Amino acid sequence: MLVDRLNKALRAVPAWPLYVAGALPVIWLFYRGLIGGLGVDPVKVIEHRLGLWGLWLLIAGLAVTPLGRFTGVRLIRYRRAIGLLAFFYILTHLLVWLVLDVQIPRLIWADIVKRPYITIGMAAFVLMIPLALTSNTWSVRKLGALRWRQVHKLTYVVVPLGAIHYVMVVKGWEMEPFYYLATVLALLGLRLVPKRRRAPMPGGAGRPARS
Ligand code: HEM
């Protein structure tokens, strides 16, 4: 089957090239900004692109499980790289805002408190920190699979907050942010679809043995 072939081909592809490929657009973006290739307000362009790419990556990470469940395409081994890249993009998005956009420390706190879209973006970022810190194998072992999975359920809060932040950033009735929000809600909704129980094996195999 096509899916089996795809999964087999993917097994030969390691995750590390994803980190390299994922970092390249950021380097390219800053380079274009430096040489004057991003128009009259390069800081805004960089800020916006990083935010948008960060959101794409967050959505891609959220899509991995439903994609596996409903199509059989297994991308689970790339999920850590996708998540860490999302964190890297959002951290850079935040740093651009702090260092190149607002710049004045007094105004940073005022913006976080007074502008609801910044408050929501900041909340999403803060919740991403435990996800990034526990994304390594050591943390999975230390926390245990169950607790680790519970911590990583924070994703279900982070990604909608990121999408809501985008809805709030855009002035007027632009539809694009709503499409992202709808995609996020649909991906979360798919997780509520009950799993079909496997039919019992003939002869009762799979049932616990009676003592
Ligand atoms: C998960 C977290 C976040 C996501 C997914 C995200 C995503 C986005 C997106 C998609 C945009 C609009 C891009 C466009 O118009 O093309 C944006 C804009 C922006 N974001 Fe974020 N962001 C996040 C966190 C933050 C944080 C932590 C801050 C700062 C504290 C921040 C500050 C901004 C600012 C200042 C803008 C531009 C607003 C303007 O046009 O004036 N974001 N973000």
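Okay, so before anything else, one definition: when I say helix or strand, I mean a DSSP run, with at least four residues for a helix and at least two for a strand. With that in hand, take residues 154-171: the span is 83% helix and 0% strand, and its end C-alpha atoms lie 28 Å apart. Keep in mind that this is a predicted model.

Let's zoom out. The protein chain has ten helices and zero strands. The C-alpha trace spans about 75 × 40 × 35 Å along its principal axes. Of the 211 residues, 20% count as buried. And if you take the contacts with a separation of 6 or more, 66% of them come from residues 24 or more positions apart.

Now, what does UniProt say? The unreviewed entry puts "transmembrane region" on residues 12-31, 51-70, 82-100, 112-133, 154-171 and 177-193. I already gave you 154-171; residues 51-70 are 100% helix, with end C-alpha atoms 29 Å apart. The unreviewed entry also places a "domain: Ferric oxidoreductase" feature at residues 51-162. That span is 86% helix, and its end C-alpha atoms lie 9 Å apart.

On to the ligand. Which residues come nearest to it? Out of 21 around it, those are His48, Gly51, Gly121, Ala124 and Gly162. The elements giving two or more residues to that shell are α3 (42-71), α4 (79-102), α6 (116-133) and α9 (155-169). Of the elements, α3 gives the most, with seven residues. As for chemistry, the shell has 13 nonpolar, seven polar and one charged residues.

Next, the packing. The largest nonpolar core has 30 residues, and the ones with the most contacts inside it are Leu57, Leu58, Leu85, Ala86, Tyr89 and Ala163. Each of α3, α4, α6, α9 and α10 (176-190) supplies at least two residues of this core. Which helix has the largest share? That's α4, with ten residues. To make this concrete, click on Leu57: beyond its neighbours within four places in sequence, Leu57 is in contact with Ile82, Leu85, Ala86 and Tyr89.

Last stop, helix α2, residues 16-34. Its 19 residues reach 28 Å from first C-alpha to last, close to the 27 Å expected at 1.5 Å a residue. After α2 comes Gly36, with a positive phi near 85°.

That's my tour, thanks.

Technical notes: Residues numbered from 1 in each chain as written. Predicted model: local features only at pLDDT ≥ 70, side-chain atom pairs only at ≥ 80, totals over all residues. Near = placed C-beta within 6 Å. Nonpolar A, V, L, I, M, F, W, Y, C, P; charged D, E, K, R; others polar. UniProt positions renumbered as here; feature names shortened; annotations may be inferred. Core = buried A, V, L, I, M, F, W, Y, C linked by C-beta atoms within 7 Å. Buried ≥ 20, exposed ≤ 12 C-beta atoms within 10 Å, placed from the backbone. Contact = placed C-beta atoms within 7 Å. Expected span 1.5 Å × (residues − 1).
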